Amino acid sequence: MKIPENKLLRRILVVLAATILVVWFYPHQSSHKFIYEQGRPWNYTQLIAPFDIPIHPDSLTVQAIRDTLDAKFVPIYTYNPLVLDSIIDELPASPGHNYSTRLASLLRKAYEGGVVEPSAMALVREGKLPKMRVLERNILSETSTEGLITPREIYLHLDSAITDGGLRKYFASADLHNLLRANLVFSPDENKRHYDNEYQTLTADRGVILQGQAIINKGDIISAQDFTNLRTYEELLDSRLHHEKQSNLLTWLGQFLFVGILFGLLLGYLYLFATDIYANFRAVVFIYTLVIVFFLFTALLNVFIPGGVYIVPMTIVPILVLVFFDSRTALFVATASVMLIAPITSFALEYIMLQFCASATAVYSLRDLSRRSQLLRTAGTVAVAYLLSYISLELLMNGSLDGWTWRMPAFLGANALMVSMAYILMFAVERTFGFVSTVTLVELSDSNQPLLRELSDKCPGTFQHSMSVSNLASDAARAMGANEQLVRAGALYHDIGKMNNPAFFTENQHGVNPHDALPPEQSARIVIGHVTDGVKLADKAGLPSVIKNFIREHHGAGKAKYFYFAACKNAPEGQEPDPTPYTYPGPNPQSRETSLLMMADAVEAASRSLKDYSRESIAGLVDKIVDGQIADGLHSSSTLEFRDVQIIKEAFVKRLMTMYHTRISYPDGK
């Protein structure tokens, strides 16, 4: 098939734009970056240290050290001996008496066990501060908190212990409750400094991986320590690359080539094996848009949720392509999408295996979507496919199910449940790109649809004719491999324009023909008008454009021959009437399906006038009508092939013989 250069250029531009968009959002990691998870096998070759790498304790060990340190760390309180001296200095003088000396002696005795703030005493009483470390003149000593007292308790003790009248009067005038202060004070700075020193000591490096030693071997299960070593290696390598100002240009180039090759292969497939899709620019844009949207959604989810790529329902991609096109294209597009996303996952082989099995299962189980319940069945089969594939991969990589966790099956189960979202997305695609799904066609073919019910009420003869044409055309569509459901729906609606003037069409007349009182040109205008009237009714009812194509094209640019021949008879001898008023507006059929309907419409109408329903008579009628349409050039714009014509004729003959089969005559009763 030779494609015009402008069409080819447009498709190449789509591929180029899609490639640039995907590469722009691709994770731009340098070539030294690896994708790995703790507890899973190391899928790369043996990794050799290119330089000395310190062995930091792993995260679990560090957390355990911190928990232990938090539990065993003894708080530090600074001892200030000058506090008591300053309090004694602030006592009022007692001339002629030794009250100040006696009160100072009592204070020194009370302060011997240590005085703390009420907040510290509350911790002691709750059992949360059994010990403390006292820092005095840069010497740190640990002591019990028994015997500690608060300034208020000292005041109350002295108030009850002093019985001498003169001393008591002096005590009351000294205003001690405002002078007493703690001499053991919690020191946040000292506590933080000592805590950090102890933490650094406990979390010191465990050794060094020397240059040339193996960091990890292929197939090893990544332990917590291995994970920490790999992170340390990447951080050191990043630091070196940053200082050396190395560019990521080659990484970008590799990603551009990778994505471009995938998208180019997809376009090549459409060109070679799906020419109908390739010729439809909207279909090409839809497929690339679908792949890009799911890639962007997956990449975004992978950033915020570890393993989030497994939640994205990738099986929706082949389902949507299958609904609007075919299963082979659906499987190819799904494979391209999975290959595009695999490099950003932790385990590319695992992801490809899981998604390919699920996509293939979805395509095999669905085949032809015509009911919503089929999506529920597909969701169940996809869930089973995910589970079996995951179990097989666990056994393949680990040799057992000892490392089994329900996290991944839960992700995959949620993924399978979201397959039902395809039903909602179908309608969004139909509105955006103008496609029509089989589900919509099935719904449109329901005789309870308002437009068909109205046709049945106003034009019962036309409705029966449409039903017969629908059966006749769908038989031929099935035989030739055309879209059977599309033909069935198009046939039911092709004559809805007759509702505006039902009595002017033979199948709705009951002995009176209003055309007898009209000139041929006016009659032709009324009959031909049912095409434009039908399109207006279809627009008002919101019918899809593919259905409106059947209304426009079922007569093509042919003539209303009955009235044209009548005009020829009435014309003066030697003159021929202008054929324009007797010609349908067209266009001629543009697809196999609309060509098929044109043939079925004419054959079904003509078959009603047959007097002999033998095979020879029916076959002769079919040949005459179909060959006449082809000779008139009415199917020259269609994609119909010669072999299709023969298949159509044979299907018509079989169906008409069934419709008009003779029955035995029953004898009258005695």
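Trainee: Quick check on the classes first: Ala, Val, Leu, Ile, Met, Phe, Trp, Tyr, Cys and Pro count as nonpolar, Asp, Glu, Lys and Arg as charged, and the others, Gly among them, as polar. With that, how many nonpolar, polar and charged residues are in the lining of the second largest pocket?

Mentor: The split is 18 nonpolar, 13 polar and 11 charged residues. Keep in mind that this is a predicted model.

Trainee: OK. What volume does the second largest pocket have?

Mentor: About 1400 Å³. A total of 42 residues line the second largest pocket, and the ones closest to its centre are H555, A560, K561, Y562 and Y584.

Trainee: And which elements give two or more residues to the lining?

Mentor: Four helices: α23 (520-541), α25 (561-570), α26 (592-607) and α27 (615-631).

Trainee: Which one gives the most?

Mentor: That's α26, with 6 residues in the lining of the second largest pocket.

Trainee: Let's look at α25, then. Which of its residues are buried?

Mentor: F563, Y564 and A567 are buried in α25. They sit on the same side of the helix, because the arc they cover around the axis is only 105°.

Trainee: Why would residues spaced like that point the same way?

Mentor: An α-helix has 3.6 residues a turn, so residues three or four places apart end up pointing the same way.

Trainee: What's on the face turned away from the buried side of α25?

Mentor: That face carries Y562 and K569, both exposed. Y562 is also one of the residues closest to the centre of the second largest pocket.

Trainee: And what covers the buried residues of α25?

Mentor: α23 is included in that cover. You've met α23 already, as one of the helices that give two or more residues to the pocket lining.

Trainee: Anything odd in the backbone around there? Say, where is P587 found?

Mentor: P587 is in the loop between α25 and α26. The peptide bond that joins G586 to P587 is cis, with omega at about 5°. For background, most peptide bonds are trans, and most residues other than glycine have a negative phi.

Trainee: Which residue between β4 and β5 is worth a look?

Mentor: Look at R137, in the loop between β4 (131-136) and β5 (139-144). Its phi is near 55°, which is positive, and R137 isn't a glycine.

Trainee: Is R137 buried or exposed?

Mentor: R137 counts as exposed because its relative accessibility is 72%, and the cut-off for exposed is over 50%.

Trainee: What about D175, what's its phi?

Mentor: Also positive, about 55°, and D175 is not a glycine either. You'll find D175 in the loop between α7 (165-173) and β6 (184-186). At 33% relative accessibility, D175 counts as partly exposed.

Trainee: Switching to aromatics. How many aromatic pairs does the count come to?

Mentor: The count comes to 23 aromatic pairs. Take W24 and W252: their rings are edge-to-face, 6.3 Å centre to centre, with 70° between the planes.

Trainee: Which parts of the chain does that pair link?

Mentor: Distant ones, 228 residues apart: W24 is in helix α1 (residues 5-25) and W252 is in helix α10 (residues 249-273).

Trainee: How exposed are the two, starting with W24?

Mentor: W24 has 58% relative accessibility, so W24 counts as exposed. W252 has a relative accessible area of 33%, so W252 is partly exposed.

Trainee: Which residues do ring pairs link into a cluster?

Mentor: F286, F324, F325, F433 and F435.

Trainee: Back to α10 for a second. How exposed is G264?

Mentor: G264, which is in helix α10, is partly exposed, with a relative accessible area of 34%. If you want a distance, the C-alpha atoms of G264 and R552 are separated by 37 Å, and the two residues are 288 apart along the chain.

Trainee: Last ones, T101 and S119. Where is T101, and where is S119?

Mentor: T101 is in helix α4 (residues 99-111), and S119 is in helix α5 (residues 118-125). T101 counts as exposed at 55% relative accessibility, and S119 is exposed with a relative accessible area of 55%.

Trainee: How far apart in space are T101 and L91?

Mentor: C-alpha to C-alpha, T101 and L91 are 9.6 Å apart, with their positions 10 residues apart in sequence. For S119 and P409, the C-alpha atoms are 52 Å apart in space and the residues 290 apart in sequence.

Terms used:
Residues are numbered from 1 along each chain as its sequence is written. This is a predicted model: local features need pLDDT of at least 70, side-chain atom pairs count only at pLDDT 80 or more; totals for chains, interfaces and linings use all residues. Side-chain values use heavy atoms; hydrogens and water are left out. On a 1 Å grid over the protein atoms alone, a cavity is a set of points where a 1.4 Å probe fits but cannot get out, and a pocket is an open set with protein on both sides within 12 Å along at least five of seven lines; lining residues have an atom within 4 Å of a point. Grid points are joined across faces, edges and corners, and a volume is the space filled by probe spheres set on the points. Buried means under 20% relative accessible area, exposed over 50%, partly exposed in between (1.4 Å probe, protein chains only). The arc is that of the directions from the helix axis to the C-beta atoms. Contact means heavy atoms within 4.5 Å. Rings of Phe, Tyr and Trp (its six-membered ring) pair if their centres lie within 6.5 Å; planes under 30 degrees apart count as stacked, over 60 as edge-to-face and the rest as tilted.
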